[in-house]
Amino acid sequence: MSTYDVAVIGSGPGGYVAAIRCAQLGMKTAIIEKYSTLGGTCLNVGCIPSKALLDSSHHFHDAIKHFEEHGIEIPGEVKLNLEKMMERKSSVVSQTCDGVKFLMDKNKIDVIEGIGSFKDKTHINIEKDGETQTIEAKKTIIATGSKPANLPFIELDKERVITSTEALTLKEVPKHMIVIGGGVIGLELGQVYRRLGAEVTVVEFLDRIIPTMDSALSKELQKVLKKQGIKFHTSTKVKSVERNGDEIIIKADDKKDKEIELKGDYCLVSVGRRPYTDGLNAEAAGVELDDKGRVKVNDHLQTNVDNIYAIGDVVRGAMLAHKAEEEGTMVAELMAGQKPHIDYNLIPGVVYTWPEVASVGKTEEQLKEEGVKYKEGKFPMRALGRSRASGDIDGLVKILADEKTDEVLGVHMIGARTADLIAEAVTAMEFRASAEDISRMSHAHPTYAEAVKEAALAATDNRPLHI
């Protein structure tokens, strides 16, 4: 029987980063993965393939809609080759997963393929093709991630009534895709297929899309997506989803409790994700789960069993790849006797639509609820020379700062490349910068980042320079 200092169950961003950091710190490490490729949901059927399709569909949309205004004329018809687009996406996924395998080899981490389940707190059974091997691990990190959630009355046939996983491999562009759920995944994939020619309708139970983000971002994103042709039904409760041949019929109650009926050829169910512990046999190790199926952990991500930890989507908190990576690093360093920390308030959230949406810290709604006195600075992207040069004029940057101390409490932005720009806000807030601190930093011109400086000027003493 092989014995390890640490065994990691799951090879997503949390799991493989945890394994690398453990190996770097001198621990003999194994990583257990049930699939034949490493990388988990993020690399295989999540972040990476969706971004590949978002970029490809963006190029196609620009070619048929915007190239001419830049003086680029393409004789004849611009055609979509969906099969080739999907092949490119698969190639990006393959290269990225191969990169993780390279990192496992480089760091001398044993990769064991199969379904890992606890035999007891220090032994893990790994089953593959009907055969089982057992390893011993002094410590274990559970990093089994999440799966798409569903509503109890919806039957997912994975052909016409689909999850994000199937939406990444469609062989045709839908005529009308109905998206249930106005969160990150539904909006990103909805935009992909809208660009490729589908009619797209989003049905959201709450009163706004991206409901966990600042309401200013929700309002602006919905306005922009409407201009792009996506239809929205907010404050709408889906009651039934039925398939009749190639037609999907959805019945729902709108904000006035009036029944509406929507018909399409595909329905993407995007109502969040659930923690994945199927087959883990956590009870054999004595590991407790909460009422939502998540692994219970303390502030050090340690379970009730002292040698077993859990990270990422399978524990409380936002289901984000970069949050899982930070947790994987923290747990490895705790095991090595170090004293790392994570400030969960400074884990950014991003929506990779175009324009992109990004946020970190407190929203205006949260500050009001907590009774914190704050000031606000806003700056529209359309006032930037860089935005006008590129044609990406939609969006804004909003900075919330403490009314008395001027410390930045939250930054919320929508516009071109805000997924990258948000790192500036995270850095500033990590060092407890004031809005004035940001406003006095030199920002290159012309850049999208100038909007951050201008919003900071607006928050400091209402003196933006360019509006």
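So, the largest cavity: there's about 40 Å³ of space in there. Keep in mind that this is a predicted model. How many cavities of 30 Å³ or more does the structure hold? Just 1. The residues lining the largest cavity are Pro 148, Ser 164, Ile 185, Val 269, Ser 270, Val 271, Gly 272 and Arg 273. Sort that lining by type and you get 4 nonpolar, 3 polar and 1 charged.

Okay, on to the second largest pocket. That one has about 960 Å³ of space, and 33 residues line it. Which of them sit closest to the centre of the pocket? Those are His 58, His 61, Asp 62, His 66 and Trp 354. By type, the lining of this pocket splits into 9 nonpolar, 11 polar and 13 charged residues.

Where does that lining come from? Helix 3, residues 47–65, helix 6, residues 184–195, and helix 7, residues 215–227, each put in at least two residues. Helix 3 has the largest share, with 9 residues.

Let me stay with helix 3 for a second, and talk about charges. Side chains of opposite charge can pair when their charged atoms come close. In this model there are 32 salt bridges. One of them is between the side chains of Lys 51 and Glu 188, at 3.1 Å, N to O. Why is that pair worth a look? Lys 51 is in helix 3 and Glu 188 is in helix 6, so the salt bridge ties together parts of the chain that are 137 residues apart in sequence. And as I said, helix 3 and helix 6 both supply residues to the lining of the second largest pocket.

Now let's zoom out to the domains. The chain is cut into domain 1, which is 2–147 plus 274–336, domain 2, which is 161–271, and domain 3, which is 349–461. Look at domains 2 and 3. Their centres, over C-alpha atoms, are 29 Å apart. The contact involves 18 residues from domain 2 and 21 residues from domain 3. Between them, the two domains bury about 1500 Å², and 64% of that is on carbon and sulfur atoms. Which residues in domain 2 lose the most area to domain 3? Met 213, Asp 214 and Leu 217, and together they make up 35% of what the domain 2 side buries.

What about charges across that interface? The rule finds 2 salt bridges between domain 2 and domain 3. While we're on salt bridges, another one in the model joins the side chains of Asp 394 and Lys 227, at 3.0 Å, N to O.

Last bit: backbone details, for anyone setting this up for a calculation. Remember Trp 354, from the group closest to the centre of the second largest pocket? Trp 354 is joined to Pro 355 by a cis peptide bond, with omega at about 5 degrees. Pro 355 is in the loop between strand 18, 349–351, and strand 19, 356–361. The peptide bond from His 445 to Pro 446 is cis too, with omega near 0 degrees. Pro 446 is in the loop between helix 13, 435–439, and helix 14, 450–461.

And then there's Asp 129, a residue other than glycine with a positive phi, near 55 degrees. You'll find Asp 129 in the loop between strand 5, 123–128, and strand 6, 131–142.

Conventions
Residues are numbered from 1 along each chain as its sequence is written. This is a predicted model: local features need pLDDT of at least 70, side-chain atom pairs count only at pLDDT 80 or more; totals for chains, interfaces and linings use all residues. Side-chain values use heavy atoms; hydrogens and water are left out. On a 1 Å grid over the protein atoms alone, a cavity is a set of points where a 1.4 Å probe fits but cannot get out, and a pocket is an open set with protein on both sides within 12 Å along at least five of seven lines; lining residues have an atom within 4 Å of a point. Grid points are joined across faces, edges and corners, and a volume is the space filled by probe spheres set on the points. Helices (H or I, at least four residues) and strands (E, at least two) are DSSP runs, numbered from the N terminus. Ala, Val, Leu, Ile, Met, Phe, Trp, Tyr, Cys and Pro count as nonpolar, Asp, Glu, Lys and Arg as charged, and the others, Gly among them, as polar. Domain bounds come from an automatic or database domain assignment. Contact means heavy atoms within 4.5 Å. Buried area is the accessible area (1.4 Å probe) that two parts lose on being put together, summed over both. A salt bridge is a side-chain nitrogen of Lys or Arg within 4 Å of a carboxyl oxygen of Asp or Glu.
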